[in-house]
Amino acid sequence: MSALRKADPVEQALDRVAALKNEAAGPSVFAELRAFLKNRSNLVVAKAAKGVAHVRATELVPDLVATFHRLMQNPAKLDKGCAATTEIVNALYELDYVEPEIYLQGIHHVQMEGSFGPPVDAAAKLRASSALALARTVYPAALDEVVSLLVDEWPDARIGAVRALAVNGGPAGALLLKLKILTGESEPDVLAECFSGLLTAATERSLRLIESFAASEEIGVAEAALLALGSSRLPEALDLLKARWERTAGGPLRKIVLLAIGMIRSDAAVEFLLALLAGCSTTTAKDVLAGLAVFRDNEKIRRRVESVVARRNEKSINETFDQQF
């Protein structure tokens, strides 16, 4: 008989931290989380930090701070992938910790690690989280630090800077995002974050600017702008998207425009899509269903979509409805 496999202590610890989320927050849970923050495995520490944020254990803020400093003594050895330090910064942000020291250390940290290709900077997300948190502190040069991250080599770090400026940057942050958009960004995900961030920070002044990028000849740029308009959920954005539909109904962005209209999630958006579904071509109808699929969990709207599909009584549309809903 083969010997029973010895239980992995890291897996056991991870399972226990996960189970703590389902227990009532209190001294015993806090004590276990405190112990897990001292674990040798950075994965256990990372999950424990998330647990601290989940139960809003402000009593453990000093422990989070101490653990961050311990790991940063030799991060390449103690925190591969910056998994733990990143989650600690996230937890401190969620718990409204506003002392800048840790965030300043995090925003400057670089940790190159091996990969299947060239080395990668495992600290990019740590810098991103630190930027978001630092911008909320009273540190006088916080925006100076965040702006520097806007030109970071790694897209994840730049995305963090964009979010920091959008959420905590105030009017100056909005202007910096506008400048970032106008001067160009090569990474579509970063540009998309810029669009969404600017719509959050300066909604009324940004709609027309973002809409202008929806006409870009670069498909990735146009898609990012359209989806940002949709995620804004603004009535004015719906008007812009409907007008854009009239100009792109036969083009490659057709499906993205319809999806963005669905993302508005308003009654007016639903009525527009349902009316379109009732009378459009079979090919367009499949794209309309993809836009309406954002409402798949809304039983009332689902029944209305199903009714229109039933009236059309086309096999391929029925199949698309079954797939999407």
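Trainee: In which helix does arginine 244 lie?
Mentor: Good place to start, and keep in mind that we are looking at a predicted model. Look along the stretch covering residues 235-248, where you will find arginine 244. That stretch is helix H15.

Trainee: Does arginine 244 count as buried or exposed?
Mentor: Let's use the cut-off: a residue is called buried when its relative accessible area is under 20%. Arginine 244 has a relative accessibility of 9%, so it falls on the side we call buried.

Trainee: Which residues does arginine 244 touch, not counting residues up to four places away in sequence?
Mentor: Setting aside residues up to four places away in sequence, there are five names to find around arginine 244. They are Val257, Leu226, Ala215, Ala214 and Glu211.

Trainee: One of those was Val257. How many of the 11 residues of helix H16 are buried?
Mentor: Val257 is itself among the buried residues of H16. Others there include Arg254, Ile256, Leu258 and Ala260. Helix H16 spans residues 254-264 and is largely enclosed by the rest of the structure, because the number of its residues that are buried is eight.

Trainee: What covers the buried residues of H16?
Mentor: Try turning the model so that you can see what surrounds H16. The cover includes H15, the helix that holds arginine 244. Also included are helix H14 (219-232), helix H17 (267-279) and helix H18 (282-292).

Trainee: Which residue just after H16 takes a positive phi?
Mentor: Step just past the end of H16 and check the backbone there. The phi angle at that place is about 60°, and the residue is arginine 265.

Trainee: Let's move to another helix. Where is valine 44, and is it buried or exposed?
Mentor: Valine 44 has its place in helix H3, residues 42-54. Its relative accessible area is 0%, and the cut-off for the buried class is under 20%. Valine 44 is therefore buried.

Trainee: What separates the C-alpha atoms of valine 44 and aspartate 15?
Mentor: Along the chain, these two residues are 29 residues apart. Valine 44 also touches Val10, Ala13, Leu14, Phe36 and Asn39, leaving out residues up to four places away in sequence. As for aspartate 15, its C-alpha atom and that of valine 44 are separated by 9.4 Å.

Trainee: Which residues of H1 and H2 meet?
Mentor: Helix H1 (residues 9-20) and helix H2 (residues 27-36) have axes that come within 11 Å and cross at roughly 145°. The crossing is left-handed. By class, their contact has six nonpolar, two charged and no polar residues. H1 brings Ala13, Arg16, Val17 and Leu20, while H2 brings Val29, Glu32, Leu33 and Phe36.

Trainee: How are H4 and H6 oriented, roughly parallel or roughly antiparallel?
Mentor: The axes of helix H4 (residues 61-71) and helix H6 (residues 83-94) come within 10 Å and cross at roughly 155°. Angles over 145 degrees are placed in one class. That is why H4 is, relative to H6, roughly antiparallel.

Trainee: By class, which residues make up the contact of H4 with H6?
Mentor: On the H4 side, the contact includes Val61, Leu64 and Phe68, and on the H6 side it includes Ala84, Ile88 and Leu92. Sorted by class, the contact has no charged residues, two polar and 10 nonpolar.

Trainee: Finally, how many helices and strands does the protein have?
Mentor: Let's step back to the whole chain. Of its 325 residues, 48% count as buried. Its secondary structure includes two strands, and the number of helices is 20.

Conventions: Residues numbered from 1 in each chain as written. Predicted model: local features only at pLDDT ≥ 70, side-chain atom pairs only at ≥ 80, totals over all residues. Heavy atoms only, no water. Axes fitted to C-alpha atoms, helices over the stretch in contact; angles between N-to-C directions. Helix = DSSP H or I, 4+ residues; strand = E, 2+ residues; numbered from the N terminus. Parallel < 35°, antiparallel > 145°, perpendicular 65-115°, else oblique. Contact = heavy atoms within 4.5 Å. Nonpolar A, V, L, I, M, F, W, Y, C, P; charged D, E, K, R; others polar. Buried < 20%, exposed > 50% of the residue type's maximum accessible area, 1.4 Å probe, protein only. Left-handed = near helix turned anticlockwise from the far one by under 90°.
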